[in-house]
Amino acid sequence: MPEQTRETTSAVAGPLLHLGCPSCGARLVVEPALRTTRCPYCAAPSVVERPRVPGVPEPVFALGFALTHTSAREHVARWLRTRSRFTRSGIRSAKPDEVRGVYVPAYLYSVLAHARFSASIGENYQVQETYTTTENGKTVTRTRTVTHTEWRPLRGELSTYVPDVLVTASTGLRNEELEALEPFDLRVLARYSPALISGWVAEEPSLSREQCLELARREAVERMGERLERFMPGDSHRELSHEARLEWEALDVCLLPVWVLAVRYAEGAPPLRVLVNGQTGEVHGKAPISVWKVVLAVLVVVLLVAAGWLASGGAR
Ligand SMILES: [Zn+2]
């Protein structure tokens, strides 16, 4: 697949081709020369040309691929090799050559978050306690140090800037999958230009801006919560709750470099997706386990134990 490794910065020649996958809903954008009939996300062989969807937001930023096709293939091959022997047939023998580079659309979100919080703060203090015990049959009095915690309520406000929240804008790639591939190095974020995706498959945002904003806000509030956890004074705390108000939101479409290998290993089963972060080489995938292989292995062990028992005299 030489076009995947081609490094080119030439301007895109001619109009882009808009393709759609009826199976997973991915909306691909490719140069006419890269016309494909197989979906890179789900390996469905029914990708068709579709009309341009009006109102789809243009990417603002993009991260380039740093990992070549050869390296991506090696990462995938190693991942496949190291799967458990109970993995369903057809997965360990999948062809890593078919890994494809896709510019996955995501939303990059940043916000200024103000939180009002309340918590119980615990301060530890030590006291000497006397107690009686029995030593060599005699009752003796001893002292020991015991730690107690005093709890006092705390209320307050904390404002913090939450930058670089990434959420998927693709129906092909779920947000958990994107999270598993993170972090991306956003220091090398570039302004998007069509030349950047030349020679690659790109996807248009297929999730609505509102859906993505909802996801991004939730993630930002979660991060705010983590910041508050670290901010709490005292030796310990409990019952921390907070209410966040968000201000100065920014939400931009950003293209992320991801190598994808989609494997259809069984009729009717959802495809297995092996994903590689196109910057760092981080691999993510969930190989399904074959129930039959596990049952068979358990049976073999049971039989071996039974055979051993019989051989050693068994039920005499
Ligand atoms: Zn698909």
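**Group meeting talk: salt bridges and surface patches**

Let me begin with one pair of residues, E98 and R38, whose side chains meet in a salt bridge with 3.3 Å between N and O. This pair links distant parts of the chain, since E98 sits in the loop between helix 2 and strand 5 while R38 sits in the loop between strand 2 (27-30) and strand 3 (48-49), 60 residues apart. Please keep in mind throughout that what we are looking at is a predicted model.

How accessible are these two partners? E98 has a relative accessibility of 36% and therefore counts as partly exposed, and R38, at 38%, counts as partly exposed as well.

How many salt bridges does the structure hold? There are 13 of them, and I would like to show you two further examples.

The next one joins E157 and R116, whose closest N and O atoms are 3.6 Å apart. Here, too, distant parts of the chain are linked, with E157 in strand 6 (residues 138-168) and R116 in strand 5, 41 residues apart. If you look for these two residues on the model, you will find that both E157 and R116 are exposed.

The last example is the salt bridge in which the side chains of E177 and R174 meet, at 4.0 Å from N to O. Salt bridges that share partners go on to join R174, E176, E177 and R273 into one network. Is E177 buried or exposed? Its relative accessible area is 5%, and because buried means under 20%, E177 is buried. R174, on the other hand, has 43% relative accessibility and so counts as partly exposed.

Let me stay with strand 5 for a moment, which covers residues 100-135 and is also where H114 is found. The side chain of H114 makes a polar contact with the side chain of S159, at 2.6 Å. With a relative accessibility of 17%, H114 falls under the 20% cut-off and therefore counts as buried.

In the loop between helix 2 (69-81) and strand 5 we find S93, and this residue is exposed, because its relative accessible area is 56% and the cut-off for exposed is over 50%. S93 and P57 are 36 residues apart along the chain, and their C-alpha atoms are separated by 39 Å.

Now we turn to the surface, beginning with charge. E179, E222, E226 and E229 form a negative surface patch. Which helix gives the most to this patch? The answer is helix 4 (residues 209-231), with 3 residues. E179 has its place in helix 3 (residues 175-181), and at 39% relative accessibility E179 counts as partly exposed.

There is also a nonpolar patch on the surface, formed by V291, W292, V295, L296 and L299, which together have about 560 Å² of accessible area. To take one of these residues more closely, L299 lies in helix 5 (residues 291-311), and since its relative accessibility is 46%, L299 counts as partly exposed.

To finish, I suggest that you go back to the structure and find three places for yourselves: the salt bridge between E98 and R38, the network that includes E177 and R273, and the nonpolar patch to which L299 belongs.

Key: Residues are numbered from 1 along each chain as its sequence is written. This is a predicted model: local features need pLDDT of at least 70, side-chain atom pairs count only at pLDDT 80 or more; totals for chains, interfaces and linings use all residues. Side-chain values use heavy atoms; hydrogens and water are left out. Patches are made of residues with over 30% relative accessible area and no salt bridge: like charges are joined within 9 Å, nonpolar side chains (Val, Leu, Ile, Met, Phe, Trp, Tyr) within 5 Å. Accessible areas come from the Shrake-Rupley method with a 1.4 Å probe; for residues, only the protein chains shown count as cover. Helices (H or I, at least four residues) and strands (E, at least two) are DSSP runs, numbered from the N terminus. Buried means under 20% relative accessible area, exposed over 50%, partly exposed in between (1.4 Å probe, protein chains only). Lys and Arg count as positive and Asp and Glu as negative; His and the chain ends are not counted. The place of a charge is taken as NZ of Lys, CZ of Arg, CG of Asp or CD of Glu. A polar contact is a pair of N or O atoms within 3.5 Å; within protein, one must be able to donate a hydrogen and the other to accept it, and residues adjacent in sequence count only if both atoms are side-chain atoms.
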